[in-house]
Amino acid sequence: MRKNFGAKPYLYPQPVLIIGTYDEDGRPDAMNAAWGGISEETQISICLSAGHKTVKNLLKTGAFTVSVADAKHVVECDYFGIASGNNVPDKLAKAGFHVTKSGFVNAPLFDELPMALECKVIDYNPDTCIMRGEIVNVNADESILTDGRIDPAKLQPISFDPVNNAYLRLGEKVGNAFHDGAALK
């Protein structure tokens, strides 16, 4: 028997995304966003309320980064979601994070988070809060690579559990995409 919950934002997994921008003074900012994902081959869509400093920043600069939150930095990544850049201008320093400027867009890369998407703003709809970005580069620290490819076991990305307000580390491999289903053909 199934239980109905009504219309809720429940979906698994929900990636924990750390959005990076620069403000008008060139000061880096980080924001935690859980409602986002790939929406086209080289496009990401994220739900961001207009009042966030991050939204103001990316609309001015036309650029942002999306870092994948990992298990090693869950405390800092959660902090980026509960502290507002509108009120706390030194969030990154308080979290002990360091920044390197992206070589592809006018946005910061966070040295502590080993994987990031470097993006240009396509558009933002303040009515729906949907921001779309063009992915111009994906980068990953060599520490999370195996045979030159991103290794999720080394990255240890976390997912937001909206039902229990928790973060979960993504688990083990359970199958082979575009292969295992062929057994049913």
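# A guided tour of the predicted model

Begin by selecting residues 11-153, where the chain is 17% helix and 43% strand and the C-alpha atoms at the two ends lie 22 Å apart. The model on the screen is predicted. According to UniProt, in an unreviewed entry, this stretch carries the feature "domain: Flavin reductase like".

## The sheet of seven strands

Next, colour the strands of the open sheet whose order is β3-β2-β6-β9-β10-β5-β4; there are seven of them, and their pairing is antiparallel. Strands of a sheet pair through backbone hydrogen bonds, in either a parallel or an antiparallel sense. Which strands stand at the edges? They are β3 and β4 (36-40), and each has a single partner strand, so one side of each is left without a neighbour in the sheet. Averaged over the sheet and with direction ignored, neighbouring strands are turned by 35 degrees against each other.

Now select β9 and β10 together. Ten bridges link β9 and β10 in the antiparallel sense. To see one of the bridges, show methionine 115, whose bridge partner in β10 is alanine 140.

Move on to β5. Is this strand mostly covered or mostly uncovered? Four of the five residues of β5 are buried, so the strand is mostly covered, where buried stands for a relative accessible area under 20%. On one hand, β5 pairs with β4 in the antiparallel sense over four bridges, and the two strands form a hairpin with two residues between them. On the other hand, β5 pairs with β10, again antiparallel, over five bridges. Serine 45 is a useful residue to display here: it is the bridge partner of glycine 37, and its own bridge partner in β10 is arginine 132.

## Two helices across the strands

Select helix α1 next. It lies across β2, β3, β6, β9 and β10, and runs at about 55 degrees to β2. Then select helix α2, residues 74-82, which lies across β2 and β3. The angle between α2 and β3 is about 95 degrees.

## The nonpolar cores

Now display side chains. The largest nonpolar core has 21 residues, and those touching the most other members are Ile19, Ile44, Ile46, Leu48, Phe64 and Val66. At least two residues of this core come from each of β2 (17-22), β3 (28-33), β5 (43-47), α1 (53-61), β6 (63-68), β9 (115-125) and β10 (130-140). Which of these elements gives the most? It is β9, with four residues.

Centre the view on isoleucine 19. Beyond its neighbours within four places in sequence, isoleucine 19 is in contact with Asp29, Ala30, Met31, Ala33, Ile46, Thr54, Phe64, Thr65, Val66 and Phe110. Apart from the largest core lies another core, of 14 residues, which includes Ala69, Phe110, Ile158 and Phe160.

## Aromatic rings

Show the aromatic side chains, among which the structure holds six aromatic pairs. The ring centres of tyrosine 79 and phenylalanine 80 are 6.2 Å apart and the planes stand at 50 degrees, so this pair is tilted. Are the two partners buried or partly exposed? Tyrosine 79 counts as partly exposed, at 21% relative accessibility, whereas phenylalanine 80 is buried, with a relative accessible area of 1%.

A second pair to select is phenylalanine 160 with tyrosine 167. This pair is tilted too, with 6.3 Å from centre to centre and 55 degrees between the planes. Phenylalanine 160 has a relative accessible area of 18% and is buried; tyrosine 167, at 28%, counts as partly exposed. The cut-off for buried is under 20%, so phenylalanine 160 falls below it. Finally, select Tyr79, Phe80, Phe97 and Phe110, which form one aromatic cluster.

## The sheet of three strands

The last stop is an open sheet in the order β1-β13-β14, made of three strands with antiparallel pairing. Its edge strands are β1 (14-15) and β14 (166-169), each of which pairs on one side only. Two bridges join β1 to strand β13, residues 158-161, and these strands run antiparallel. What is the bridge partner of glutamine 14 in β13? It is phenylalanine 160, the residue already seen in its tilted pair with tyrosine 167.

How values were computed:
Residues are numbered from 1 along each chain as its sequence is written. This is a predicted model: local features need pLDDT of at least 70, side-chain atom pairs count only at pLDDT 80 or more; totals for chains, interfaces and linings use all residues. Side-chain values use heavy atoms; hydrogens and water are left out. A nonpolar core is a set of buried Ala, Val, Leu, Ile, Met, Phe, Trp, Tyr and Cys residues joined through side-chain atoms within 4.5 Å. Buried means under 20% relative accessible area, exposed over 50%, partly exposed in between (1.4 Å probe, protein chains only). Contact means heavy atoms within 4.5 Å. Rings of Phe, Tyr and Trp (its six-membered ring) pair if their centres lie within 6.5 Å; planes under 30 degrees apart count as stacked, over 60 as edge-to-face and the rest as tilted. Two strands pair if DSSP finds at least two bridges between them. Axes are lines fitted to C-alpha atoms, for helices over the stretch in contact, and angles run from 0 to 180 degrees between N-to-C directions. UniProt positions are given in the numbering used here, feature names are shortened, and annotations may be inferred rather than shown by experiment.
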